[in-house]
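User: I am new to this structure. Please take me through the terms used for it and show me the reasoning behind each one.

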Amino acid sequence: MNSLVQVVSGGARLTVAVVGTGPALLLVHGFPLDRELWRPQVEGITQWTRIAPDLRGAGASESPLGGYSMARYADDLAAVLDATGTETAVCCGLSMGGYILFELLRRHPARVRALILCDTKSEADTPEGRRGRDDLAAVPRREGVAAVGERLLPKLLGRTTQATRPAVLEAARAMVLRSSVAGVAGALAAMRDRSDSTALLAGIAVPTLVLGGAEDEVTPPATMRAMAERIPGARYVEIGGAGHLAPMERPDAVMPVMGEFLKTLG
Ligand code: MLT
């Protein structure tokens with residue numbers, strides 16, 4: 001199968017890429033991005049059905065004006081799994097995608113067969129971080145989503161990528177420009193209000209791979225390593241020469257690590 005599927009969930013029409021056959025690998029993008037983040041994985045991880053949704057408010061999915069929350073996003077993922085006939089999936093999420101997977105674990109644990117947590121963290125926002133979300137949410141209304149990209153991209157991409165991989169920078173910028181004002185504001189509100197998931201980590205009972213960029217300043221290696229240490233049996237891998245978007249910055253390094261992990265799952 002190699003198609004774009006439309007899934008209606010919670011009043012929004014979501015666009016989902018479904019590629020290949022075999023056991024399911026659900027790929028959940030971060031903020032303010034879309035499913036294109038996972039292009040190397042969608043194209044390169046054969047023998048798995050790659051399911052890559054655009055979250056509500058992102059990419060080609062609809063952008064309701066309000067109602068964004070981690071619970072809503074997690075229920076959307078469950079609806080995507082239902083619509084693609086997927087009972088259980090290896091769930092891979094980057095940053096906000098990881099926050100959503102923690103909520104999926106709370107609300108729909110039976111759907112999660114294994115976890116790949118990329119450049120993410122379990123902690124909730126600090127009070128200062130929450131104020132920053134509100135400040136940033138005002139930017140696209142005032143100046144458009146491009147201004148959000150100008151502020152965020154230098155933090156999201158590692159210094160090596162910024163210096164040597166112009167195509168990655170352009171691809172990331174294009175994703176930001178596909179976001180809607182309502183989607184950006186909604187995601188920021190959902191992240192601001194998310195629960196702390198640290199207490200969940202010790203109870204994660206599925207195989208888990210944690211990976212992150214060595215140059216990630218949003219969720220630095222020390223944060224990722226500490227999170228992995230709290231998850232029973234989790235493996236942590238640091239990706240050199242990559243920042244917060246390691247899977248698209250260094251697919252050459254990330255793909256073998258993911259491939260090896262997926263092989264252990266059969
Ligand atoms: C993301 O990449 O999804 C965001 O950087 C997450 C965040 O801002 O907390």
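## The ligand and its surroundings

Analyst: Let us start at the ligand: one of its oxygen atoms is 2.9 Å from a polar backbone atom of Met96. This is a predicted model.

User: What makes that a polar contact?

Analyst: The cut-off is a pair of N or O atoms within 3.5 Å. The Met96 backbone atom, at 2.9 Å from a ligand oxygen, meets it.

User: What is the distance from an oxygen atom of the ligand to an N or O atom in the side chain of Tyr99?

Analyst: That distance is 2.6 Å. It is within the 3.5 Å limit, so this pair counts as a polar contact as well.

User: How far does a polar side-chain atom of Arg133 lie from an oxygen atom of the ligand?

Analyst: It lies 2.8 Å away. Against the limit of 3.5 Å, that pair is a polar contact too.

User: How much of the ligand does the protein bury?

Analyst: Taken alone, the ligand exposes 270 Å². The protein buries 91% of that area.

User: Which residues surround the ligand?

Analyst: Among them are Gly30, Phe31, Ser95, Leu156, Met191, Val218 and His244. Met96, Tyr99 and Arg133 belong to the surroundings too. The ligand takes up the space of the largest pocket.

User: What does the side chain of Asp125 make a polar contact with?

Analyst: One partner is the side chain of Arg133, at 2.7 Å. The side chain of Arg194 is another, also at 2.7 Å. Asp125 sits in the loop between β6 (112-118) and α4 (127-143).

User: Why is Asp125 called buried?

Analyst: Buried means under 20% relative accessible area. Asp125 has 15%, so it counts as buried.

## Unusual backbone angles

User: How do you know that the peptide bond from Phe31 to Pro32 deserves a mention?

Analyst: The bond is cis, with omega near -5 degrees. Most peptide bonds are trans. Pro32 lies in the loop between β3 (24-28) and α1 (39-44).

User: What makes phi of Ser95 stand out?

Analyst: Phi of Ser95 is near 50 degrees, a positive value in a residue other than glycine. Most residues other than glycine have a negative phi. Ser95 lies in the loop between β5 (89-94) and α3 (96-107).

User: What is phi of Gln47?

Analyst: It is near 70 degrees, again positive in a residue other than glycine. Gln47 lies in the loop between α1 and β4.

User: Are Ser95 and Gln47 buried or exposed?

Analyst: Ser95 has a relative accessible area of 8%, under the 20% limit, so Ser95 is buried. Gln47 has 65%, over the 50% limit, so Gln47 is exposed.

## Strands and their partners

User: Why is strand β2 called largely enclosed?

Analyst: Strand β2 covers residues 12-19, and 7 of its 8 residues are buried, so the rest of the structure largely encloses it. Val18 has its place in β2. At 2% relative accessibility, against a limit of 20%, Val18 counts as buried.

User: How do you know that β1 and β2 pair?

Analyst: Pairing needs at least two bridges. There are 8 between β1 (residues 2-9) and β2, so they pair, and they run antiparallel. Val7 stands opposite Leu14 in β2. The two strands form a hairpin with 2 residues between them. In that turn, Gly10 has a positive phi of about 50 degrees.

User: What joins β2 to β4?

Analyst: 4 bridges join β2 to strand β4 (residues 49-53), and the two run antiparallel. Ala17 stands opposite Ala52 in β4. The C-alpha atoms of Val18 and Ala52 are 6.6 Å apart, although 34 residues separate them along the chain.

User: What makes strand β7 mostly covered?

Analyst: Strand β7 spans residues 208-213, and 6 of its 6 residues are buried. Thr208, Val210 and Gly212 point one way, while Leu209, Leu211 and Gly213 point the other way.

User: Which way do the partners of β7 run?

Analyst: β6 and β7 run parallel, joined by 4 bridges. Leu115 stands opposite Thr208 in β7. β7 and strand β8 (residues 235-239) also run parallel, with 5 bridges. There, Val210 stands opposite Tyr236 in β8.

Methods. Residues numbered from 1 in each chain as written. Predicted model: local features only at pLDDT ≥ 70, side-chain atom pairs only at ≥ 80, totals over all residues. Heavy atoms only, no water. Buried < 20%, exposed > 50% of the residue type's maximum accessible area, 1.4 Å probe, protein only. Near = heavy atom within 4 Å. Polar contact = N/O pair within 3.5 Å; in protein donor to acceptor, adjacent residues only side chain to side chain. Areas by Shrake-Rupley, 256 points an atom, 1.4 Å probe, with all protein chains shown as cover. 1 Å grid on protein atoms, 1.4 Å probe; cavity = no way out; pocket = protein on both sides within 12 Å on 5 of 7 lines; lining within 4 Å. Sits in = over half its atoms within 2 Å of the grid points.
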